[in-house]
Protein chains: 4
Amino acid sequence: MPDFKKILHTIYEKTKQLSDTGRVATYIPELACVPEDKFGICLLDIEKESYQIGDFDERFSVQSISKVLTLAMAMGLIGEKIWDRVDVEPSGDPFNHLSLLEQENGIPRNPLINAGAIVIADILVSELKNPKKEFLEFVHKVSGDTSISYDEKVAHSEKATGFKNYAAANLLKSYGNLKNDVIKVLDFYFYQCSLSMSCSQLCNTFYLFINRGKCLKNYDFLTVSQVKRINAIMLTCGFYDEAGEFAFEVGLPGKSGVGGGIVALLPRKFCVAVWSPGLNPKGNSTRGMAALERLTTLSDLSIF
Amino acid sequence: MPDFKKILHTIYEKTKQLSDTGRVATYIPELACVPEDKFGICLLDIEKESYQIGDFDERFSVQSISKVLTLAMAMGLIGEKIWDRVDVEPSGDPFNHLSLLEQENGIPRNPLINAGAIVIADILVSELKNPKKEFLEFVHKVSGDTSISYDEKVAHSEKATGFKNYAAANLLKSYGNLKNDVIKVLDFYFYQCSLSMSCSQLCNTFYLFINRGKCLKNYDFLTVSQVKRINAIMLTCGFYDEAGEFAFEVGLPGKSGVGGGIVALLPRKFCVAVWSPGLNPKGNSTRGMAALERLTTLSDLSIF
Amino acid sequence: MPDFKKILHTIYEKTKQLSDTGRVATYIPELACVPEDKFGICLLDIEKESYQIGDFDERFSVQSISKVLTLAMAMGLIGEKIWDRVDVEPSGDPFNHLSLLEQENGIPRNPLINAGAIVIADILVSELKNPKKEFLEFVHKVSGDTSISYDEKVAHSEKATGFKNYAAANLLKSYGNLKNDVIKVLDFYFYQCSLSMSCSQLCNTFYLFINRGKCLKNYDFLTVSQVKRINAIMLTCGFYDEAGEFAFEVGLPGKSGVGGGIVALLPRKFCVAVWSPGLNPKGNSTRGMAALERLTTLSDLSIF
Amino acid sequence: MPDFKKILHTIYEKTKQLSDTGRVATYIPELACVPEDKFGICLLDIEKESYQIGDFDERFSVQSISKVLTLAMAMGLIGEKIWDRVDVEPSGDPFNHLSLLEQENGIPRNPLINAGAIVIADILVSELKNPKKEFLEFVHKVSGDTSISYDEKVAHSEKATGFKNYAAANLLKSYGNLKNDVIKVLDFYFYQCSLSMSCSQLCNTFYLFINRGKCLKNYDFLTVSQVKRINAIMLTCGFYDEAGEFAFEVGLPGKSGVGGGIVALLPRKFCVAVWSPGLNPKGNSTRGMAALERLTTLSDLSIF
């Protein structure tokens, strides 16, 4: 194992000097208020040793990163049946997710784009009595941290403005690929996205994916095969239409969110979470991408 | 003028013998109950002489034909400003109207596809105090017939199942091209589509478009220029992705609806309404298309 | 009939004053040399009375206008069989003609877009012994003018640079919708587009389409039904993705070319040709569009 | 390291029993003649130990697998400048590669789809004096095997029928993203695709990509960073629109060809080549996919 402490320090200092720190997302009004100079990193290795720097302990809105967690929960609940309703191919197209949905008759390309995550949310709403409560309990167990919670302000903010998600859910419904009421599914979806977590908490939660399905406290949540598949989906689909770029520049499975967080991981070695709210034009954290690229270069560790 | 009485008779008999009468629309549950053997024609010439045959006097759900009437009312209210929010090009594409909307940043291709008609509905909801009531009054005045009304069952049926329209309206909203609340606009839109009219009533209403903007009772509703433009839009955009085919086979401006109605017209000569509920795969009345093709062949009258 | 002499004079003077005269096409190098201030109009009425102004007698490259003539010739040769290989719907999409071809398995949307015209060229190459010679003879007969000829420089210029047409022809070939050799078909196609004609000559040639298939010298070339159909296609497909706009603003069937020419016509009344080399962003002559809009406004004549 | 000998034996026997062996590609006439029951596997580990079974030593047409080798050669020649002309994102779309090219103004999605590989071919044609000869020498050096050669029959067969590739090259040319003559570039491209190699030879050649850029004979051909990037591109783009599925089911970077070959690899551990000519509907070897899925399951080795 490389000297992660030193590497994190170097990355942090170098990346902080970047002149372009991207732009904070404004499409969810509540997210627009986050100070753009926040920047934190946490890395947790397979031996449960952790390294951190900057605002690693401050909570932020994980947004799309939550899609990996709902996917994991849904796989645990209904297994391979998920793949009747959502595919595993990269979406490729930057701008027309709904048109892909139309062309492909209501089967979303993968579970990490919005339409796919809404189908996963629909599955959880079908399978769980109290989806919001039970999903949060799932996150508590996986992370071993019961302090993690939703940010209701963010959830309400998106509920009032997330028209593209309403469009996607209604389109899914028109193709028969949404079993529950649109409003009910999106209520859960907006809460799921509003999960508020720090870089440390994200590392603790994603430890599962580097440890063959066993969480920090050693409970089994997923099979080895399920973990491999989720990691594969993160690699090919985790960064919107910049998935190829991330694989090319960083070379790790991961998932980003418009709150400015990115989680990435090297199976059986480490997971890492970075947070910096400024986004690049493709919707991924500018400093987060730069930091992770430096990490795989300096550590000479990647899946490739 | 040709002998319309004889021509209508010939058309009616020949078309009735067609073995393929298409399939009644089922996507709005309430429409699926209409008996598929209904068939009526009415033709009204510029001299106000009318000719009819079959079920010409029975009311049916005009559906998309209403889009021409809301467009006319909106043009009367705000004039050319309409074209800032909706284009006048044929949509071309059979299957992915939402993707066109995405590619073109929320500006619908034309006011006769659903997304465009929803923008027009939004304009009426903005401009009118009581849109449902005032639009119905407009139809009463243009047609000179106060017995025309909405079919609430059809309106509710579509309200409960029209997910693609909810998707379109939310997508428009996400692009800022819907000023009012989605639910409010669609409530009006579903009522507008539920207008229940007979072939005779449709001819009386569309007389306006063959008479340079003056209705049956000689009131002015539109300018000559506005009528020409609406007629042009009907020709290029009135038949979903079969507009070219209709221009090619029939050669008249017109508009169809999934209720099985078609209105077509020759400016300064006549307008004609046909009703037969069975639709072809493109969503236009099978016998309606055949009857109108025979009409322009037998009468040797078309705009071309 | 209105006073066309006076109307043409008014149109010419008003349109000449337009500050924006568009930009001369440069993608065919040879066309880029044409002086951009050229401007001529000719109108020929059904009584064979003609009116002209400006550079009405100067020849220019008709380019896509020739597609109407090859279509007419092909319809005369093989009739309705054409429609097995090309559709009659507007293409709608501004930018991705090849993608439509892919989506629709090699059947071009209509015979007036490039891919469709290449299929028509292929038909002529199959049907004729000496396609270039025989097509020119056809134009000579229809127009009654044997001085019309190809511009070999323009043909060679496009042959050396028309890569999108090579792409389209090869794509057609890959779908089995091109029977002859790509190079052979495109050789004919580039010659056809290089036809050099004046506004007067265009009017003489297109007289056929206002006179129910009979040319100036009263020979029959097309049936009434064929003429109606070609006129319908011109209306819905004659102006690239500005067909709806042209129907809306002008209200006449017509066809434009990147040489800056436009022909338009009112069946049984008149045909008109305008030439001004500067194009708008959609590829249609800027002053040509403006002149024709004025013509239908001032004459109060349109198909609508 | 697992017992590869035993694993290969198990895989071979199990996969041979599959009832669906796919369909041999027929679009290149010369490939259609290959007997569909051919089936071979070779695995070479980082210690240069090799394991093989079945028709591992018989040569077949590597087709698209060659794209990885031309990419490697081009990266060695001009480095990062490649990425000005081709992107690194998965193409996503199964059916309309040319339309993506249109939408994205002539920049292919990645170097492993045909359009991207044609750009790479263009780079080699620009950089090399005798591209066919020098590329073959490159393959000889990397593999340490001078017996590898082109199959001229296959090259000519594709030259006479590869219309989609002519379409792609001309489209690239129209966007200025092809510097050399279309015919010249495609001549090289068809030869490159006709490379004839056995599973053993493919393993020897791809050893480079598991050994950080050093070939079997320990010469340096690529930097560590270049190898990582090519491996990343293979993972996200190596299997047409089944890349996500392959990552999900197999979890290794790799590349398939319509000749029925697949190469896959685990960096710093092993590379493996499988050959079975029958393809699945997405164009990847049916038995090849099944065999590789079994390999990563039985060996419990994958990048995830």
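This is a short tour of a predicted model, with a suggestion at each stop for what to select next.

**Stop 1: one chain alone**

Start by showing chain A and hiding the rest. Colour it by secondary structure, and you can look for 12 helices and 10 strands. How compact is chain A for its length? Its radius of gyration is 18 Å, close to the 19 Å that the globule rule gives for 304 residues, so chain A is as compact as a globular protein of that length. Turn it around slowly: along its principal axes, the C-alpha trace spans about 55 × 40 × 35 Å.

**Stop 2: bring in chain B**

Now show chain B beside chain A. Which movement lays chain B on chain A? A rotation of 180° does it, with 0.0 Å of shift along the axis and an RMSD of 0.0 Å. The two copies are thus related as by a two-fold rotation axis. The same surface serves both of these copies, as 100% of the contact residues of chain B recur in chain A.

**Stop 3: a pair of helices**

Select residues 163-174 in chain A and again in chain B; each stretch is helix H7 of its chain. Two packed helices are described by the angle between their axes and the distance between the axes. Here the angle is about 165° and the axes lie 7 Å apart. Angles over 145 degrees count as roughly antiparallel, and H7(A) and H7(B) are therefore roughly antiparallel to each other. As they pass, the crossing is left-handed.

Next, show side chains. On the H7(A) side, the residues that meet H7(B) include A:Phe163, A:Tyr166, A:Ala167 and A:Leu171, along with A:Lys164 and A:Lys173. From H7(B), look for B:Asn170 and B:Ser174 among the partners. The residues of this contact divide into eight nonpolar, four polar and four charged.

**Stop 4: chain B with chain C**

Hide chain A and show chain C. A rotation of 180° superposes chain B on chain C, again with 0.0 Å of shift along its axis and an RMSD of 0.0 Å. Which residue of chain B comes closest to the rotation axis? Select B:Gly92, whose C-alpha is 2.3 Å from it. For this pair too, the same surface serves both copies: 100% of the contact residues of chain B recur in chain C.

**Stop 5: chains that do not touch**

Finally, show chain A with chain C. They do not touch, and their nearest C-alpha atoms are 11 Å apart. Then switch to chain B and chain D: these do not touch either, with nearest C-alpha atoms 11 Å apart.

Key:
Residues numbered from 1 in each chain as written. Chains lettered and ligands numbered in written order. Predicted model: local features only at pLDDT ≥ 70, side-chain atom pairs only at ≥ 80, totals over all residues. Heavy atoms only, no water. Axes fitted to C-alpha atoms, helices over the stretch in contact; angles between N-to-C directions. Helix = DSSP H or I, 4+ residues; strand = E, 2+ residues; numbered from the N terminus. Parallel < 35°, antiparallel > 145°, perpendicular 65-115°, else oblique. Left-handed = near helix turned anticlockwise from the far one by under 90°. Contact = heavy atoms within 4.5 Å. Nonpolar A, V, L, I, M, F, W, Y, C, P; charged D, E, K, R; others polar. Least-squares fit on C-alpha atoms with pLDDT ≥ 70 in both. Rg over C-alpha atoms; globule rule 2.2 N^0.38 Å.
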